[in-house]
Amino acid sequence: MTETETNMTRPVLEARGIVRRFGGITAVDGVDVTVGQGEIVGLIGPNGSGKSTMVNLLTGELAPDKGTIRFAGKDITGVAPYRRARLGIARSFQMLRMFTSMSVEDNMLTATHIHMKRGLLSSLLNLPSARAEEDEVRARARDLLAMFELEQFAGRPVTALSIGQQRMVELARGVLSGPKLFLLDEPAAGLAPPNVDRLIALIKRMRDEFGISILLIEHDMRVVRELCDRVVVLDSGELIAEGHPETVVNDPAVIEAYIGKGWSRRAQA
Ligand SMILES: Nc1ncnc2c1ncn2[C@@H]1O[C@H](COP(=O)(O)OP(=O)(O)OP(=O)(O)O)[C@@H](O)[C@H]1O
């Protein structure tokens, strides 16, 4: 049995038969998505094909009308979003969500409260145990800011950074929360080409050095081709193709789905 087959027998994420309707629209229509341990899976498809809805179903921000979601061996279909985060599901957003009044470092630290062992009271009382834990978390935050080449911005207001840099803060914050699975919603959107290269390298490091499995929504096909082990393609809420990126982008059903909806130059590049 190959390593990939072994990984696929024990996926970290296993969503089966997922259906989600909004009034008369079936945004996700009986979709299966799995992510193996240490796998990077691309979730692609034309605009409105159901990708963001699928991610919102996986994080628990939306509930499915049908189907089951298993994560790290547990059925999490009815589990609340904050509990899924605690179990190890992190996400980034298409539109950045930062605490705009806080510094870069304090934005990072917001990721860790979900796992803090000491309670709020010991933090408020400034007990040594709480201080030690906070010092340790700050040290890890600084290491990650260095990895993401952001350490010189640690004390700056997050809003002083460019959108590309804020995107990096969001990724670093996600890694700091110690996820098993990171759901990335268009991480390359709005990045200049050299920053896309850096992003690709950083996402590989997230997997290789931190063991994080990744499900990635992305329109930039270079990112998909260079990063993804496997790609799942949605069209009008249905899964129309799945496989290696090079196979999938040449699949006639996939080409038709994109051409029919205006295959953009961005997607073909
Ligand atoms: N909250 C909602 N209420 C009503 N309809 C919705 C809602 N969210 C999504 N939809 C509809 O569900 C379908 C799938 O939308 P979704 O945003 O998941 O697609 P997408 O593939 O992520 O698109 P994009 O690439 O443009 O982000 C669309 O027809 C959309 O209009």
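**A tour from the strands to the ligand**

Select Arg 16 first: its place is opposite Thr 68 in β4. Residue numbers start from 1 in each chain and follow the sequence as it is written. The model is predicted, so local features need pLDDT of at least 70 and side-chain atom pairs count only at pLDDT 80 or more, whereas totals for chains, interfaces and linings use all residues. Helices (H or I, at least four residues) and strands (E, at least two) are DSSP runs numbered from the N terminus, and two strands pair if DSSP finds at least two bridges between them.

**The strands**

Next, select β1 (residues 13-22) together with β4 (residues 66-71). These two strands are antiparallel and are joined by five bridges. Within this pair, Glu 14 has Arg 70 of β4 as its bridge partner.

Now add β2 (residues 25-35), which runs antiparallel to β1 and is joined to β1 by eight bridges. Arg 20 lies opposite Val 28 of β2. At the turn, two residues separate β1 from β2 in their hairpin, and Gly 23 has a positive phi near 55 degrees.

Return to β4 and add β5 (residues 74-75), its antiparallel partner over two bridges. Arg 70 appears again here, with Asp 75 as its bridge partner in β5. The hairpin of β4 and β5 also has two residues between the strands, and Ala 72 in this turn shows a positive phi of about 50 degrees.

**The ligand**

Which residues surround the ligand? They are Phe 22, Ile 25, Ala 27, Gly 45, Asn 47, Gly 48, Ser 49, Gly 50, Lys 51, Ser 52 and Thr 53; a residue is near a molecule if its C-beta atom, placed from the backbone, lies within 6 Å. The greatest contribution to this shell comes from α2, with three residues. Both β2 and α2 (51-59) provide at least two residues each. By type, three residues of the shell are nonpolar, seven polar and one charged. Here Ala, Val, Leu, Ile, Met, Phe, Trp, Tyr, Cys and Pro count as nonpolar, Asp, Glu, Lys and Arg as charged, and the others, Gly among them, as polar.

**Helix α7**

Finally, select α7 (residues 163-176), whose 14 residues reach 20 Å from the first C-alpha to the last, close to the 20 Å expected (1.5 Å times one less than the number of residues). Is α7 mostly covered or uncovered? It is mostly covered, with eleven of its 14 residues buried (20 or more other C-beta atoms within 10 Å of a residue's own, all placed from the backbone; exposed means 12 or fewer, partly exposed in between). Among the buried residues are Arg 167, Glu 170 and Arg 173. Just after α7, Gly 178 adopts a positive phi of about 70 degrees.
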